Amino acid sequence: MIDWHSVDTVLLDMDGTLLDLQFDNWFWQRHVPYCYARQLGLDQEEADRIIHDWIASHQGTLNWYCLDFWTAELGLEIARLKREARDRISVRPGAETFLQRLQESGKQIVMVTNAHRDALDVKLEQTGIDRYFHELVSSHDYGHPKEAQSFWQHLQRHLPFDPAKALLVDDSLPVLHSAQLYGIGQPVSILHPDSSLPRREHTDPFVAIDDFASVLP
């Protein structure tokens, strides 16, 4: 599935790839609407609809991932809410063993995430996975989400690497399409990013990891 002999640089997403996406889906689909309804005295169904439509209107943009933006828009301290719920954050099965083997392989290991730095800090404090990486890159550092070609251009200027010899593992198909367009040699998806939901049957046209143990370097 992965040609490790052709890989010099390993680019890894965080949410839905290394960490269970269940936390983020619960947080944005249930917890934020609940807090919003309480703050404004709204019916829960109405709050659910407002938050869903509001978030969907920004999907794929940097605002969609920006805690500062949503704090201002919703009047909720989003970073504080995430920190208060951090016990729900968990590493996906096999991900830490995968990271350990990567570290031993001598390849350059870089986290590339759309997560806001405040969210990133909370998740790294909770899981400690930052110790496996040479570099931690948030799309907010560049002002462009991973869905945009500008992100990959900034990344290569900041951290010179050969795209053709790079592996990207990410649960987002739009991100994988963007990376493939930029020339990333091996874009690979995740079949089961959220443990509370059924596995995806496929992520065509990208090959997908179901079990990290099956792709150890």
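Helices H1 and H2 cross in the right-handed sense. Their axes come within 9 Å and cross at roughly 120°. H1 and H2 are therefore oblique to each other. This is a predicted model.

**The helix pair**

H1 covers residues 22-40, and H2 covers residues 44-56. Which residues make the contact? On the H1 side they are Trp-28, Val-32, Pro-33, Tyr-34, Tyr-36 and Ala-37. On the H2 side they are Gln-44, Ala-47, Asp-48, Ile-50, Ile-51, Trp-54 and Ile-55.

**A histidine in H1**

His-31 also sits in helix H1. Is His-31 buried or exposed? Its relative accessible area is 19%. Buried means under 20%, so His-31 counts as buried. Which residues does His-31 touch, once neighbours within four places in sequence are left aside? The contacts are Trp-26 and Leu-81.

**Strand S5 and its partners**

Now to the strands. S5 spans residues 186-190 and is mostly covered. Five of its five residues are buried. The side chains split into two sets. Gln-186, Val-188 and Ile-190 point one way from S5. Pro-187 and Ser-189 point the other way. Both sets are buried.

S5 pairs with strand S4 and is also joined to strand S6. The table lists both pairings.

| Strand paired with S5 | Residues | Sense | Bridges |
|---|---|---|---|
| S4 | residues 166-169 | parallel | three bridges |
| S6 | residues 208-209 | parallel | two bridges |

Where do individual residues meet across these strands? On the S4 side, Leu-167 stands opposite Gln-186 of S5. The chain gets from S4 to S5 by way of helix H9, residues 173-182. This β-α-β crossover is right-handed. On the S6 side, Ser-189 has Ala-208 as its bridge partner.

Two S5 residues thus appear twice in this account. Gln-186 is buried and faces Leu-167. Ser-189 is buried too, and its bridge partner in S6 is Ala-208.

**The loop from S5 to S6**

A loop lies between S5 and S6, and Pro-205 is in it. What form does the peptide bond from Asp-204 to Pro-205 take? The bond is cis, with omega near 10°.

**In brief**

H1 and H2 cross at roughly 120°, with a right-handed crossing. His-31 of H1 is buried. S5 runs parallel to S4 and to S6. A cis peptide bond leads into Pro-205, in the loop between S5 and S6.

Definitions and conventions. Residues numbered from 1 in each chain as written. Predicted model: local features only at pLDDT ≥ 70, side-chain atom pairs only at ≥ 80, totals over all residues. Heavy atoms only, no water. Buried < 20%, exposed > 50% of the residue type's maximum accessible area, 1.4 Å probe, protein only. Helix = DSSP H or I, 4+ residues; strand = E, 2+ residues; numbered from the N terminus. Pairing = 2+ DSSP bridges. Right-handed = clockwise from strand over helix to strand, strands pointing away. Axes fitted to C-alpha atoms, helices over the stretch in contact; angles between N-to-C directions. Parallel < 35°, antiparallel > 145°, perpendicular 65-115°, else oblique. Left-handed = near helix turned anticlockwise from the far one by under 90°. Contact = heavy atoms within 4.5 Å.
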